[in-house]
Amino acid sequence: MASIIHKLKIPSSTQFLEDVREFVTTHASEASFSESVVEQMKIAVDEACTNVIEHAYNNESNHSIDIAVIVNPDRLTVRIRDRGRKFDSQAYREPDLMAFAKNRKAGGFGVHIMRRLMDEVQFNSKGGLNETLLVKFRNAR
Amino acid sequence: MRPVHPNDGLPVGTAQSLYPNISMSDFSVGFRSTGEVRILDLKGELDAHTASELEAAIQKCQSDQAVQIIVNGANLVYISSAGLGVFMAYIEEVREKGGDIKIAALQPKVFNVFDLLGFPMLFDITDSEDEAVSRFSAATS
């Protein structure tokens with residue numbers, strides 16, 4: 001069975017995060033995922049897009065982000081593409097909550113949340129194009 | 001309810017939408033006081049776009065010398081790590097001044113996000129606002 005793909009393009013600004021959440025909620029619900037799983041996908045995609053806006057594009061709002069919800073019989077994948085600075089997953093360290101509070105550090109939890117909520121998280125980069133893939137399997141857990 | 005997204009209702013194939021409409025921020029903070037305790041009523045969705053409003057509210061408490069703060073989350077329907085980061089950024093400072101930020105009455109799906117990052121180990125999270133108020137009273141009597 002072929003994939004069903006739904007696409008959304010947003011400017012690289014946090015004011016559009018709400019639209020992204022609604023977009024993912026609509027199509028994940030249509031694909032018959034449970035309310036709690038849809039909620040998990042919504043948060044993970046929000047975190048991924050926030051990271052693109054704040055880190056890949058350094059809060060510059062004149063770029064764009066392409067989001068695709070790809071529905072297959074066994075899984076749902078959300079693909080987030082940007083052309084900003086690539087994320088170095090090798091250099092990433094799991095956050096330490098107590099240390100963050102001591103240092104008054106307000107960010108750095110996004111990747112941790114994505115990995116906790118999704119079944120698979122991948123970061124790919126090629127030829128200036130970055131891609132975050134968030135995967136939820138239908139029968140996992 | 002927000003307007004129906006242009007992609008809604010397209011069950012198959014590829015749908016490429018125009019940029020979504022700019023939406024107004026769906027988040028607000030209300031202020032109340034009971035004795036020395038300042039209560040912040042959060043309403044709506046707290047993400048990277050709206051986190052600055054929570055930050056401004058906590059800064060206002062600080063400029064008013066109010067360090068006993070309760071955040072009432074009864075009407076908070078969504079939080080991402082950007083929202084959690086605001087609590088992280090201010091908790092040490094408030095505690096150094098002899099106060100605390102207690103978090104009360106969270107909806108289960110919002111509590112789950114706090115829990116995912118281990119917040120119950122760092123923050124006083126109570127089921128009800130009354131319970132948070134009485135903990136402040138117990139600490140100061």
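Trainee: Where does A:Ser29 lie?

Mentor: A:Ser29 belongs to helix α1 of chain A, in what is a predicted model.

Trainee: Why does A:Ser29 count as partly exposed?

Mentor: Count the C-beta neighbours: A:Ser29 has 14 of them inside 10 Å. A residue is buried at 20 or more and exposed at 12 or fewer, so A:Ser29 with its 14 falls in between and is partly exposed.

Trainee: How far apart are the C-alpha atoms of A:Ser29 and A:Leu8?

Mentor: They are separated by 16 Å, with the two residues 21 residues apart along the chain.

Trainee: What does helix α1 of chain A pack with?

Mentor: Helix α1 (residues 17-30) of chain A packs with helix α2 (residues 35-56) of chain A at an angle of about 145°, and their axes are 9 Å apart. The crossing of α1(A) and α2(A) is right-handed.

Trainee: Which residues meet in that contact of α1(A) with α2(A)?

Mentor: On the α1(A) side they include A:Val20, A:Val24 and A:Ser29, and on the α2(A) side A:Met41, A:Val45 and A:Cys49 are among them. By class, the contact has 8 nonpolar, 3 polar and 3 charged residues.

Trainee: What does A:Val45 touch beyond its neighbours within four places in sequence?

Mentor: A:Val45 is in contact with A:Val20, A:Val24, A:Val78 and A:Leu134. A:Val45 also appears, together with A:Val20, A:Ala44, A:Cys49, A:Ile67 and B:Leu84, in the group that touches the most other members of the largest nonpolar core, which has 73 residues. The element that gives the most to this core is α2(A), with 10 residues.

Trainee: On to another residue of chain A. Why does A:Val69 count as buried or exposed?

Mentor: A:Val69 has 24 C-beta neighbours inside 10 Å. The cut-off for buried is 20 or more, so A:Val69 counts as buried. A:Val69 sits in strand β2 of chain A.

Trainee: Which residues does A:Val69 touch, not counting those up to four places away in sequence?

Mentor: A:Val69 touches A:His6, A:Val24, A:His27, A:Ala28, A:Leu76 and A:Val78. There is also a distance to look at with A:Lys7: 62 residues separate A:Val69 and A:Lys7 along the chain, and their C-alpha atoms are separated by 6.5 Å.

Trainee: What is the phi of A:Asn59?

Mentor: Phi of A:Asn59 is near 65°, a positive value in a residue other than glycine. Most residues other than glycine have a negative phi. A:Asn59 is in the loop between α2 and β2 (64-72) of chain A.

Trainee: Why does A:Asn59 count as buried or exposed?

Mentor: A:Asn59 has 11 C-beta neighbours inside 10 Å. The cut-off for exposed is 12 or fewer, so A:Asn59 counts as exposed.

Trainee: What is the sign of phi in B:Ala105?

Mentor: B:Ala105 has a positive phi of about 60° although it is not a glycine. B:Ala105 lies in the loop between β5 (100-104) and α3 (108-116) of chain B.

Trainee: And why is B:Ala105 buried or exposed?

Mentor: There are 23 other C-beta atoms within 10 Å of B:Ala105. With the buried class starting at 20, B:Ala105 is therefore buried.

Trainee: Let's stay with chain B. How many helices and strands does chain B have?

Mentor: Chain B has 4 helices and 6 strands. From the N terminus, the elements run β-β-β-α-β-α-β-α-β-α. Of the 141 residues in chain B, 38% are buried.

Trainee: What makes α1(B) and α2(B) roughly parallel to each other?

Mentor: Helix α1 (residues 51-63) of chain B and helix α2 (residues 81-96) of chain B pack at an angle of about 25°, with their axes 9 Å apart. Angles under 35 degrees count as roughly parallel, so α1(B) and α2(B) are roughly parallel to each other. Their crossing is right-handed. The residues that meet include B:Leu54 and B:Ile58 in α1(B) and B:Val86 and B:Tyr90 in α2(B). By class, the contact of α1(B) with α2(B) has 6 nonpolar, 2 polar and 1 charged residues.

Trainee: Last topic: how many residues does each chain give to the contact between chain A and chain B?

Mentor: Chain A gives 35 residues and chain B gives 36 residues. On the side of chain A that touches chain B, the largest share, 8 residues, comes from β1(A). That side divides into 16 nonpolar, 7 polar and 12 charged residues.

Technical notes. Residues are numbered from 1 along each chain as its sequence is written. Chains are lettered from A and ligands numbered from 1 in the order in which they are written. This is a predicted model: local features need pLDDT of at least 70, side-chain atom pairs count only at pLDDT 80 or more; totals for chains, interfaces and linings use all residues. Axes are lines fitted to C-alpha atoms, for helices over the stretch in contact, and angles run from 0 to 180 degrees between N-to-C directions. Helices (H or I, at least four residues) and strands (E, at least two) are DSSP runs, numbered from the N terminus. A crossing is left-handed if the near helix is turned anticlockwise from the far one by less than a right angle, and right-handed if clockwise. Two residues are in contact if their C-beta atoms, placed from the backbone, lie within 7 Å. Ala, Val, Leu, Ile, Met, Phe, Trp, Tyr, Cys and Pro count as nonpolar, Asp, Glu, Lys and Arg as charged, and the others, Gly among them, as polar. Angles under 35 degrees count as roughly parallel, over 145 as roughly antiparallel, 65 to 115 as roughly perpendicular and the rest as oblique. A nonpolar core is a set of buried Ala, Val, Leu, Ile, Met, Phe, Trp, Tyr and Cys residues joined through C-beta atoms within 7 Å.
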